[in-house]
Amino acid sequence: MSFQLFGLPVSRGIAIGRAVLVASSRLDVAHYYVAATDVEAEIERLRLARDAVARELGTMQRDMPAEAPAELSALLDVHLMLLHDDTLTGATKQWIRERHYNAEWALSAQLEVLARQFDEMEDEYLRERKADLEQVVERLLGVLARGDDGAPATHAVTPEQSGDDPLVLVAGDISPADMLRFKGGVFLGFVTDVGGTTSHTAIVARSMDIPAVVGAREASRLIRQDDWVVIDGDAGVVIVDPSPGVIEEYRAAKRQRDRGRAALARLRHLPAVTVDDQRVQLLANIEQPADATAALAAGAVGVGLFRSEFLFMNRDGELPGEDEQFEAYRTAVEAMRGRPVTIRTVDIGADKELERMSANELRHEHALNPALGLRAIRWSLSEPAMFRQQLRAILRAAAHGRVRILIPMVAHLSEVRHTIEALARARQQLDDARRAYGSVELGAMIEVPAAALMLPAFLRHFDFVSIGTNDLIQYTLAIDRADEAVAHLYNAWHPAVLQLIAQTIACANRLRKDVSVCGEMAGDPAFTELLLGMGLRSFSMHPSQIVTIKERILSTDASRWAALVERVISADDPERECQVVAAEGAARVATLAASASPV
Ligand code: PEP
Ligand code: MG
């Protein structure tokens, strides 16, 4: 039966596909298609893993000390029985054979199906056997991951080559690090139960330019494995088991949207200039060096935000060393061919966790409120050796192109001082080691109200600033940006937020320091005119948003908006006022066009 779920629209577009439900704890399982010719070999991998687990369990039973409780041996019997039960391995084989899933993916897909059946059981004893099933699957996944059972090698193919139905991922929660694993993978869209519009999970989904809805509360409980699903990433709606008519309607809407985007793509390499001849810089936000290619293709004139912390994720706790970081930064810098690359020092903490938090592991684990805890520059300064290592890697990359360093979440002048000292020490270390490095500009993210309020003092030490509106909203309004329960209060149109932004842009312009916005507001066309009116001439966003913002810029009269900024931000409802101002402008243009004499 068809039904709808409502969540937060975080990444635009329409995706139509079959649901793949993955438990949040198993998102790190590899998801890929195996070639049709490898299906039998993949089934053999599964069989060998099952035999290996059976041997493991058999050995445990044999070696069990005589004094061990009898229940333990009975439990191992249950595990062996589950292991050989056709509803697990037989059905898993079906996923491999019919859908060409790799063995790990097929196992976790079948586990989701069975886990639901267990949850629905009346009998408590039977219901509790779900935990045993999970343990058996964990053992199988462990053997498959080790790959030490002599299994044949199989090969991954692209979703297109597999010829299978398109797929969308449904999960309770997806961490930003897990989201990154799916980049360029098999899923066409995402739905999660939790999350906010500017949570980093949402940001990574946007950077992948695929439709996503977060905060859809019960989605992972109500959607079943393999259900057909439509994700409307513009409206924040998920339609489960849609009728053929609804699917056709969405297919038509998707085709129309694709045509619109193709038309916009023609603007890619035009300069972004307002109606009154103001030149605007459109920069890209990236997470990985490989994203630089998409940034250039989208017409970005530089990278305004390289979120370097993504280099530190999905590494089983091993942090990248100086040389590895250097290579990553250099790759991005060279890919941008002389255009500036702004590398933000690691912004770890809050919703972006590392598997290992180094010396601060305990302090972090026990952080009562991680968004207000040891995050970003606070974390870097508490790990001086790691911080200098990153600074050295960035300085070395600066020998290969134009590099700017951006410091996240600065709020205290002491942090500014310590950062500058760390940079001087990193340079000294490179001198001592006779290593080449280049010059860099140093900038601060303005994402804490304290920084916005004391900007002149900060600007004595920085070459530029970049406004991180995602956090500025979070910290001004005291709203956790990743918490869907308060998502309705997370409001970029709040007058206090707009005033801090306007004030920051005006102050930086007055002091002749570069200022840009790199938070999600920069890529949201609803704010383009207002930000131009505030005097902003540099916007940094996901590459996929660049042409949309450029189109807006090309039709905006920045000086007209400059005269109206005060009216908008002092209104009770700035969003509404902004729409009124835009409508007045459109009416004026229409009148002028009508009164102009034909040429
Ligand atoms: C911001 O806070 O606006 C920002 C760009 O940084 P991040 O989203 O990575 O916290
Ligand atoms: Mg931020």
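Two strands count as paired if DSSP finds at least two bridges between them. Helices (H or I, at least four residues) and strands (E, at least two) are DSSP runs, numbered from the N terminus.

Welcome! This is a predicted model, in which local features need pLDDT of at least 70 and side-chain atom pairs count only at pLDDT 80 or more, while totals for chains, interfaces and linings use all residues. Residues are numbered from 1 along each chain as its sequence is written, chains are lettered from A and ligands numbered from 1 in the order in which they are written, and side-chain values use heavy atoms, leaving out hydrogens and water.

**Exercise 1. Find the partner of Ala19 in the sheet.**

Step 1. Start with strand E3 (residues 14-21), which pairs with strand E6 (residues 167-171) in the parallel sense over four bridges.
Step 2. Look across to E6: Val168 stands opposite Ala19.

**Exercise 2. Lay out the sheet and find its edges.**

Step 1. The order is E1-E10-E9-E3-E6-E7-E8-E2, an open sheet of eight strands with mixed pairing.
Step 2. Strand E1 (3-6) and strand E2 (8-11) are the edges; each has a single partner strand, so one side of each lacks a neighbour in the sheet.
Step 3. On average, neighbouring strands of this sheet are turned by 30° against each other, direction ignored. Axes are lines fitted to C-alpha atoms, for helices over the stretch in contact, and angles run from 0 to 180 degrees between N-to-C directions.
Step 4. Now add a helix: H11 (residues 244-264) lies across E3, strand E9 (228-232) and strand E10 (237-240), and runs at about 125° to E3.

**Exercise 3. Describe how H1 packs on H6.**

Step 1. The axes of helix H1 (residues 39-62) and helix H6 (residues 129-146) come within 9 Å and cross at roughly 120°.
Step 2. Angles under 35 degrees count as roughly parallel, over 145 as roughly antiparallel, 65 to 115 as roughly perpendicular and the rest as oblique. H1 and H6 are therefore oblique to each other.
Step 3. Their crossing is right-handed (the near helix is turned clockwise from the far one by less than a right angle; anticlockwise would be left-handed).
Step 4. Contact means heavy atoms within 4.5 Å. Among the residues that meet are Ala49, Val53 and Leu57 in H1 and Leu140 and Val143 in H6.

**Exercise 4. Compare with H2 and H3, then H22 and H23.**

Step 1. Helix H2 (residues 70-84) and helix H3 (residues 86-99) pack at about 30°, their axes 5 Å apart. H2 and H3 are therefore roughly parallel to each other.
Step 2. Here Leu82, Leu83 and His84 of H2 meet Asp86, Leu88 and Thr89 of H3.
Step 3. Helix H22 (residues 525-533) and helix H23 (residues 546-554) have axes that come within 9 Å and cross at roughly 45°. H22 and H23 are therefore oblique to each other.
Step 4. H22 passes H23 in a right-handed crossing.

**Exercise 5. Check the confidence.**

Step 1. pLDDT is the predictor's confidence in each residue, from 0 to 100. The protein chain has a mean pLDDT of 91, and 97% of its residues reach 70 or more.
Step 2. Over residues 357-364 pLDDT stays under 50, and the model has 15 contacts beyond four places in sequence for them.
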